[in-house]
Structures are given as structure tokens and as C-alpha cells.
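Got your viewer open? Let's walk through this one stop by stop, starting with the whole chain and then picking out single residues.

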Amino acid sequence: MTLRPRARIHLDHIVDNWRRFCAMRPRRETAAVVKADAYGHGLPKVSEALYDAGCQHFFVAYSFEGLAVRQAVGPHAVIYVLNGPDAYDDVIFRDAALTPVINSDQQFQILVSWIQAGGALPRGYALHFDTGMNRLGLPCSDAGSISEAAAQLPPALIMSHLACADQPEAGLNTTQLDRFHDVSALFPNVPTSLEASDGLFLDERFQSHLARPGICLYGGGRPPSHLSLQAGMTLEAPILQVRACRAHETIGYGASHKLTTDTLVATVALGYADGFPRSASNAGYAMIDGVSCPILGRVSMDLITLNVSAVPHLARPGHFAQFFGTDLPLEDQAERAGTIGYELTAGLTARVRRDYD
Ligand SMILES: *Cc1c(COP(=O)(O)O)cnc(C)c1O
């Protein structure tokens, strides 16, 4: 078997994490955000596992991702497409019964033209209002005219997205909440969706009908520790070679790390071409059987060098080192690389083998 990096995907942990959110908010719905190949965990398998556990609502960014969810879960779930419709997308939205999220007046006009040409969409549509993120969504000032235009065909969902949900004290949170209440009051009896992962941990005023967690389903983000969410993925790389280096020698490109003592160095099969960030050079670490082994020198395209002096008995070709997952928190590694967990899992390339537990 070729020694190459592997991502072990823990579908049972992802399902468990989703169930914890459902338990946190009884009488409300919890969707699953599975865009970007379920943050690198594999959209078909993750969607199927969550659907089997009872998840009825999925969010993706693109219609082609929505089609993949439909193929994985069958006809019944509601699949929202966050980036909304393009003019020539109507066949895929109809055939796969996808629910477009309308983000602009132009997208609303596309929707109207589809409805005039072929009748209502089988699963309706959602309206996304920009309450302060300034990224995507209809301006709140258009809510009145849109609610009149939509009187004959009410939306299935009114949504917005919080900019600072990871900072509970930020004033923008309540500003956005107030605007969201004003907008949704114009659409009585239409369910609302506001909070993503971080919003779930704000106070209960922020609870809408349908939560949209992504990163926390996969064991990332900053959930309260009492929830004890579990890792969705464990990234591992096999040792290819081990060498005893002497004090004053240097490691790797640019000789960027100079050894101060004699050191046992292991070279593992993982690099930035696998999606592991070069910014973890001389900063990140790996775990070998629960022992921390710092990255020495630069992360190169295919290879990383580790200080394995603490585990000489385990340092042999074929033994795996973990870079995040069950033994090493995703966000801990991400912080050392100057990034966030989302980028580590969603950025993994096709060269990394996915194994499903
Ligand atoms: C990606 C995304 C989410 C999920 O966010 P997480 O922080 O991963 O929970 C929810 N809503 C919108 C609009 C998004 O773009």
C-alpha cells in the first residue's frame, strides 16, 4: 500500500454533534451546512448519514452541490442553495427540487421569470436579507416592496447571517437582530433562519426556527466545552524516513530551522499540495501516539519534518502522525498556522485519501 496522507472521517461523530444541537433547541429545527464537500468531509456520505439520523434541511452554496445532496438523500429533504439562482439554472433547480436563496433584486427577477415560464418551484424559495454583514443578501430597505411583490407566492424561509456571532458582546449582533425582526415581521408565518455555529451559543433571543450550523458539526469552531463536540475528521500522515541529526545541522528548505541539540527527525508524507498550510512551518505540530512532535523547518509540497526525539520507539516508516482530529484539536493546529479550522478541512485536496469509519 502506498504511504500517503489519509483523512479518517468520523460520520458517527458528525451525527452525534448534530444531535447535540437538536437537543439544545427542542421544538426548533436544525439544518446541516454541507457546502464545499461538507467542509472537506465528503458531501454525499455526510448528507446521507445526517439524513438517516433525521436531518431534513441542508444548505449548500451552489446548485451542483445541491444536486449531489439530492442524489444522496432522496426526494424528501429541503435543500437550500445559498448563492442563489443564475439565469440558466432553472432546469437543475426544478429537476432536483432545490430551494434557491434569493440575495438580490436581480435574483428575485430571475425567480419571477422562472415562475412565469414554468409555474412555482417545487420546493419554493428563501429570501436572504443583509442585516449588517455587507456580503450577500437583499437590503433591508427593500423588504417592504419585496413583501408586496411576493404576496402571491410567499417565501419558504426568511434568513440572515451574523457577522460577529463569535463575539457575544459585539453591538452589531443586537443591531442585526433588531433589523431581522423588523424584516421578518413583514412576512408573518414564514419560518426564520438566523444562527450558524457561533450564533447557536448566543442568548436565546438569537434562536430562529431553523439553525444553520456548519463548522461545529465537524468538531471545529469554538463551542462551549460542556457540549464536548467530537472531531469529524482525523488527518494523518505516515512516516517515510527517520534520521538522527546532529546539533547545529539545519532542516529543510532555506535551512530555516537550526538544531540546538542532537535530534531524531521524521519525514512524513503531507504537504501544502495536500492542503496542509505552509504557514504551519516551524509552528504547527503532530501527535504520535498522544505525544506532541513539533514541525521543524518548512512545510514543503509533499513533505513535513517532525521532531520525534520524544518517541524514538515509534519513529519508523509506516507509523502515522496525526495533524488534527481525535488527539489534536483542529482549532489548535489552525491557530498555530495563523488560520481557522474551516480552511484546514475544506482546503484538503483530492490527493488525501478519505477513509470512512
Ligand atoms: C457557511 C455558512 C453557514 C455555516 O457557517 P458555520 O460558521 O460553518 O456554522 C451558515 N450560513 C451561511 C449563510 C453560510 O454562508
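With everything selected, start with the contacts (heavy atoms within 4.5 Å): of those in the protein with a separation of 6 or more, 65% are between residues 24 or more positions apart. A word on what you're looking at: this is a predicted model, where local features need pLDDT of at least 70, side-chain atom pairs count only at pLDDT 80 or more, and totals for chains, interfaces and linings use all residues. Residues are numbered from 1 along each chain as its sequence is written, and side-chain values use heavy atoms, with hydrogens and water left out.

Stay zoomed out and switch to cartoon. You'll find ten helices and 20 strands; these are DSSP runs numbered from the N terminus, helices being H or I of at least four residues and strands E of at least two. The C-alpha trace spans about 75 × 45 × 35 Å along its principal axes.

Now turn on the surface. The protein exposes about 15,700 Å², with carbon and sulfur atoms supplying 51% of it (Shrake-Rupley method, 1.4 Å probe; for residues, only the protein chains shown count as cover). Of the 357 residues, 51% count as buried. Here buried means under 20% relative accessible area, exposed over 50%, and partly exposed in between (1.4 Å probe, protein chains only).

**Stop one: strand 15**

Select residues 263–269. That's strand 15, and six of its seven residues are buried. Next, add residues 233–245, which make up strand 12: six bridges join strand 12 to strand 15, and the two run antiparallel. (Two strands pair if DSSP finds at least two bridges between them.) To see one position in that pairing, pick Ile239, which stands opposite Val268 in strand 15.

Strand 15 also pairs with strand 18, antiparallel again, over five bridges. Here, Thr267 stands opposite Thr305 in strand 18. As a reminder when you look at the side chains, in a regular strand they alternate between the two faces of the sheet.

**Stop two: Thr305**

Center on Thr305, in strand 18 (residues 303–307). Is Thr305 buried or exposed? It's buried, because its relative accessible area is 15%. Show what surrounds it: leaving aside neighbours within four places in sequence, Thr305 is in contact with Ile251, Val265, Ala266, Thr267, Pro294, Ile295 and Leu296. With Leu296 there's a polar link to draw, as the side chain of Thr305 reaches the backbone oxygen of Leu296 at 2.7 Å. (A polar contact is a pair of N or O atoms within 3.5 Å; within protein, one must be able to donate a hydrogen and the other to accept it, and residues adjacent in sequence count only if both atoms are side-chain atoms.)

**Stop three: Glu249**

Move to the loop between strand 12 and strand 13 (250–251), where you'll find Glu249. Glu249 counts as partly exposed because its relative accessible area is 37%. A polar atom of its side chain lies 2.9 Å from the backbone nitrogen of Arg246. Not counting residues up to four places away in sequence, Glu249 touches His257, Lys258 and Leu259. Try the distance tool on Glu249 and Thr260: eleven residues apart along the chain, their C-alpha atoms are separated by 8.2 Å.

**Last stop: Gly132**

Finally, go to Gly132, in the loop between strand 7 (126–130) and strand 8 (138–139). Its relative accessible area is 21%, so Gly132 is partly exposed. Which residues does Gly132 touch, not counting those up to four places away in sequence? Leu172, Gln176 and Arg179. Add Phe180 to the view: Gly132 and Phe180 are 48 residues apart in sequence and 9.8 Å apart in space, C-alpha to C-alpha.
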